[in-house]
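Please work through the exercises below with the structure open beside you. Each one sets a task and is followed by a solution in steps.

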Amino acid sequence: MGSTVVFTSDEEEDSDISESEMEYHADRIYLTLKTGKLKVKLSPQAFTCPYCPNKKKKPSFQYKDLLQHASGVGNSNSEKRTPKEKATHLALVKYLQVDLADSQEAGEPSSSNKRQKTGDPIQDCDQDEKLVCPWKGVVVNIPTRKTQDGRSAGESGSKLRDEYIQRGFNPTRVRPLWNHWGFSGTAIVDFSNDWNGLHNALLFDKAYQVDGHGKRDWLKKDGPKSGLYAWIARADDYNGSTLVGEDLRKKGDLKTIAEVTEEEARKQEKLVQNLTQLVEEKKKGVKEFEEMCSVKSRELKEKLEEKEESLEKHNRELNAIQERTMGHVNKIFADHERLKMRLELEKKKLELKGIELAKREAHNETERKNLSEDLQQNASKNSSLELASMEQQKADEEVKKLAEYQRRQKEELHEKIIRLERQRDQKQAIELEIEQLKGELNVKRHMGSDGDAEIVKEVEEIYKGLTEKEEELADLDKFNQTLILRERRTNDELQEARKELVNIMKEWKLSIGVKRMGELVTKPFMDALQQKYCQQDVEDRAIDVLQLWEDYLKDPDWHPFKRIKLGNQEREVEVIDERDEKLRELKEDLGDGPYNAVTRALLEINEYNPSGRYITTELWNLKEDRKATLEEGVTCLLDQWQKSKRR
């Protein structure tokens, strides 16, 4: 196998073939390659492609690079590749995989020469080899059976998955592949999209290699195959035109382990940067909160001092009022006592005078009459004095009751004021204590390094939440490729719907309609030509001028644009080159109106159809003079349908 095989360079000359004849033509070329007429292997490490265009010095490839080159050309969807080129390269892929498969081992240094074995499948494998990600395995030669309708059937994928789980490979799913004849006898094994999944996939591949049922064993033409053959999905499987290749291209992408490692490192570095920024923001927040607490504490202390001063002043004023009130009441009592003593003295004087008058009663009748009159007067005075004394007693009692009532009212008012002040003090103290507890709680939450077990537990819960977020992020990455495919299909459907709306609304004269992008507006040319020429030949001249400028717009060699940078942006954009000779002549000859119409048409063509340089239609918001959204078009269509339905 180590010797160089020399072939003749006479390539079989065939006429061009169709797509349907590719497989037949590839089989014929493969037989030609097996005869040794074409030179493929230059040395144990160098190979060449006999079907690429002849050059003075053909490039040489390693086995793996030539296989990737032939697979890429054979499975290409480009129209530049003819069916004959694809068929020849597909035959070369088959020849490399079947007849020169051993050259890969002879041409590549052994793993012991590359690196020292570590026992870890991920570390021991080729870090630059492209694998299908998410990690997948390929199982072939699965037993099948014919059903009554002639189609093929086989065991379910779950049974094979359970078997692999028992063997320690831990796949997430085994998906049998079906074609129009039924079960194909091939299945795809899905592994988890992480390092554990890669480790299990490599162990899966290694186990079948050791058992003699790997990919190379399957490709060897050494008679009938028995049992299952399996391997990890690689670049040649991904690029193949088989049912396996189609499924792998739908569900995954090619990545090297080095690329995955670098991507993980970037994510980890970004996470560390985000966490560091978060910690700095939290520290800044804690510092601001501490400053706010300090300011609030000073303000509260000042308010308490002001309250104490106000309360002391209020107590002094209340005591002064009480002293003045008691002095006034004592003065009233003293005045009443003096009046009472004077009334008693007058009463005694009248009684003495009555006794003297009674002694003089015997002297004469006149004196008796006078005495009787005096007695009557004295009796009336005595009754008046008694009434006055009674009124005075009543007045004294009323004054006492009034003083007692005022004293009780003042005591109740003072107690109520004290009770309200106590309630206010308790409320302010509770609010202060709540603010202090909140401050301490927030400070302890942010300053978790003081060793408090509860704070450490809270920090651990935060980190646990971060770990869960990372796991959610990893899960979201799993579905990223699927979502991209769905988005592409959705965008295609939206574009089809937009085209259908354009076809429906071409003749409508509503707020939402269809605009022809890149079409010249005739009115500015008509206005400019009317000002420059007489009214009779304006239309003929306008038709000629419009036809001339429409030809200019369709000319792909005329590109009156220049590239500039806007602001601080690094990306350059294309704008109208005002120094273009044709545009300057148009502006000087006909003015700004036609010039603006031409530049606007140029910008529209450059935006919507720069390669074809022909007019395209676009759904347009005629009211706001902008591109209409699909939602606006559908809404307008439904409104018209509702109106026609009401008619």
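The exercises that follow go from the whole model to single residues.

**Conventions**

This is a predicted model, in which local features need pLDDT of at least 70 and side-chain atom pairs count only at pLDDT 80 or more, while totals for chains, interfaces and linings use all residues. Residues are numbered from 1 along each chain as its sequence is written, and side-chain values use heavy atoms, with hydrogens and water left out.

**Exercise 1. Describe the confidence and overall make-up of the model.**

Step 1. Begin with pLDDT, the predictor's confidence in each residue on a scale from 0 to 100. Its mean over the protein is 76, and 75% of the residues reach 70 or more. Over residues 1-15 the pLDDT is below 50, and this stretch has 36 contacts in the model beyond near neighbours in sequence, a contact being heavy atoms within 4.5 Å. Residues 109-115 also have pLDDT under 50, and there the model has 8 contacts beyond four places in sequence.

Step 2. Turn to the elements, which are DSSP runs numbered from the N terminus, with helices (H or I) of at least four residues and strands (E) of at least two. The protein has 20 helices and 13 strands.

Step 3. Consider burial, where buried means under 20% relative accessible area, exposed means over 50%, and partly exposed lies in between (1.4 Å probe, protein chains only). Of the 647 residues, 27% count as buried. The accessible surface, from the Shrake-Rupley method with a 1.4 Å probe and, for residues, only the protein chains shown as cover, comes to about 44,700 Å², and 50% of this belongs to carbon and sulfur atoms.

**Exercise 2. Place strand 2 among its partners and decide how its two faces are covered.**

Step 1. Find the pairings, remembering that two strands pair if DSSP finds at least two bridges between them. Strand 2 (residues 136-140) runs antiparallel to strand 6 (residues 182-190), to which 4 bridges join it, and within this pairing Gly-137 has Val-189 as its bridge partner. Strand 2 also pairs with strand 7 (residues 229-232) in the antiparallel sense, again over 4 bridges, and here Val-140 is the bridge partner of Tyr-229.

Step 2. Separate the faces. In a regular strand the side chains alternate between the two faces of the sheet. In strand 2, Lys-136, Val-138 and Val-140 lie on one side, with Gly-137 and Val-139 on the other, and all of them are buried.

Step 3. Check the total: 5 of the 5 residues of strand 2 are buried.

**Exercise 3. Compare the settings of three salt bridges.**

Step 1. Apply the criterion, a side-chain nitrogen of Lys or Arg within 4 Å of a carboxyl oxygen of Asp or Glu. A search of the whole structure finds 23 such bridges.

Step 2. Take Asp-190 and Lys-136, whose side chains meet at 3.0 Å, N to O. Asp-190 is in strand 6 and Lys-136 in strand 2, so that the pair links parts of the chain that are 54 residues apart. Asp-190 counts as buried because its relative accessibility is 10%, and Lys-136 does so because its relative accessible area is 6%. Both belong to a salt-bridge network that links Lys-136, Arg-175, Asp-190 and Asp-247.

Step 3. Take Asp-237 and Lys-215, whose closest N and O atoms are 3.0 Å apart. Asp-237 lies in helix 10 (residues 235-239) and Lys-215 in helix 9 (residues 215-219), 22 residues away along the chain, and both are buried.

Step 4. Take Arg-600 and Glu-604, which meet at 3.5 Å, N to O. Both lie in helix 19 (residues 592-608), 4 residues or about one turn of the helix apart. Arg-600 is partly exposed because its relative accessibility is 40%, whereas Glu-604 is buried because its relative accessibility is 8%.

**Exercise 4. Locate Gly-591 and classify its exposure.**

Step 1. Gly-591 lies in the loop between helix 18 (581-590) and helix 19.

Step 2. At 21% relative accessibility, Gly-591 counts as partly exposed.

Step 3. The C-alpha atoms of Gly-591 and Phe-525 are separated by 9.4 Å, although the two residues are 66 apart along the chain.
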